[in-house]
Amino acid sequence: MTLKSEKSSFFYFSIVSNILILFSNFPDFNPENAKECNQETIFNQHLLVCALQEISALFIGLGTSIHHLVGDSSSGLLNGLFSVLIHPCVATRLSGAWALRSLCVALPSEAHKCVERCVGAFDLMKASPDAVAGYAAALAAILGAVRQMPLGIPYATGKVWKMLSIGF
Amino acid sequence: MKCLMFLQAYIALVEKMGPQWLEKNLEVFVNHVLELVANPKAATTHVDAVYSRKCVNFILRRTVGRLLGEKAQFSALKVLSSIVLKQMNSIGMFLFTVA
């Protein structure tokens with residue numbers, strides 16, 4: 001935006017506001033796949049979104065000291081975060097992806113494991129569009145967080161990512 | 001506006017009762033606040049749902065995030081993850097991923 005002139009910025013602003021007006025006039029609020037899930041799932045998605053947002057904030061606040069909690073398999077923290085990625089509602093899947101991103105920023109040593117698990121699940125659950133969208137969101141979120149990790153990710157992992165995105 | 005009123009009430013209550021009380025009743029409090037947002041009346045329209053989520057997030061941030069120490073935040077994290085697991089179990093999706 002800084003490279004553009006003021007006039008084109010105004011033009012850009014009008015385009016974005018038109019898009020906003022267009023989409024805010026849609027009357028229904030239900031998710032696009034409301035038929036597939038029952039009413040309870042639709043209302044419980046808000047609960048899950050709030051819980052995951054708070055989990056993300058706690059991850060960022062606590063930093064590397066969460067390692068014993070993540071390593072402890074009895075708490076089921078990682079399993080819970082990964083299971084959210086196949087939820088039928090979009091908002092929950094995206095919050096799950098954000099929570100994983102926060103986990104990887106707080107604990108960079110987990111990033112590679114998370115990526116491997118996502119890629120494995122991606123191949124395993126190709127048939128379900130929800131799962132593909134969820135795992136793709138998680139991969140994209142972790143990839144976006146690589147710049148905040150001091151160690152980065154291995155070169156080969158990036159290649160696996162690229163091959164995966166070409167495959168789809 | 002309704003959201004803002006209950007937000008202020010909850011935060012004032014918890015700040016008045018203090019961190020020790022919150023630590024003792026953490027599970028009850030977190031469960032209760034999260035159930036508020038799952039109530040169908042909190043999400044009659046899409047905009048209402050967004051406001052309710054923001055309010056509940058703010059309550060949790062102001063109470064769990066600010067009042068509690070590191071050790072209590074760990075137990076908060078455990079409580080939250082058990083809530084997520086319970087929810088995913090209730091819609092029958094958890095076992096599918098682990099297998």
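How close do the axes of helix α4 of chain A and helix α5 of chain B come, and at what angle do they cross? The views below begin there. This is a predicted model, with local features needing pLDDT of at least 70 and side-chain atom pairs counting only at pLDDT 80 or more. Residues are numbered from 1 along each chain as its sequence is written.

**View 1. Helix α4(A) meets helix α5(B).** The axes of α4(A) (residues 77-84) and α5(B) (residues 70-90) come within 9 Å and cross at roughly 45 degrees. The two helices are therefore oblique (neither under 35, nor over 145, nor 65 to 115 degrees). The crossing is left-handed. On α4(A), the contact (heavy atoms within 4.5 Å) involves L77(A), G80(A), S83(A) and V84(A). On α5(B), S81(B), V84(B), L85(B) and M88(B) take part.

**View 2. Helix α3(B) crosses α5(B).** The axes of α3(B) (residues 26-38) and α5(B) come within 10 Å, at roughly 45 degrees. That makes α3(B) oblique to α5(B). Here the crossing is right-handed. Residues of α3(B) including L26(B), V30(B) and L34(B) meet a set in α5(B), among them A72(B), V79(B) and I83(B).

**View 3. Helix α2(A), residues 39-62.** Its 24 residues should span 34 Å at 1.5 Å a residue (counting one less than the number of residues), and the end C-alpha atoms are 35 Å apart, which agrees. A kink of about 25 degrees is centred on Q45(A). In α2(A), 18 of the 24 residues are buried (under 20% relative accessible area, 1.4 Å probe, protein chains only), so the helix is largely enclosed by the rest of the structure. G63(A) follows α2(A), with a positive phi near 70 degrees.

Technical notes. Chains are lettered from A and ligands numbered from 1 in the order in which they are written. Side-chain values use heavy atoms; hydrogens and water are left out. Helices (H or I, at least four residues) and strands (E, at least two) are DSSP runs, numbered from the N terminus. The bend at a residue is the angle between axes fitted to the seven residues ending there and the seven starting there. Buried means under 20% relative accessible area, exposed over 50%, partly exposed in between (1.4 Å probe, protein chains only). Axes are lines fitted to C-alpha atoms, for helices over the stretch in contact, and angles run from 0 to 180 degrees between N-to-C directions. A crossing is left-handed if the near helix is turned anticlockwise from the far one by less than a right angle, and right-handed if clockwise.
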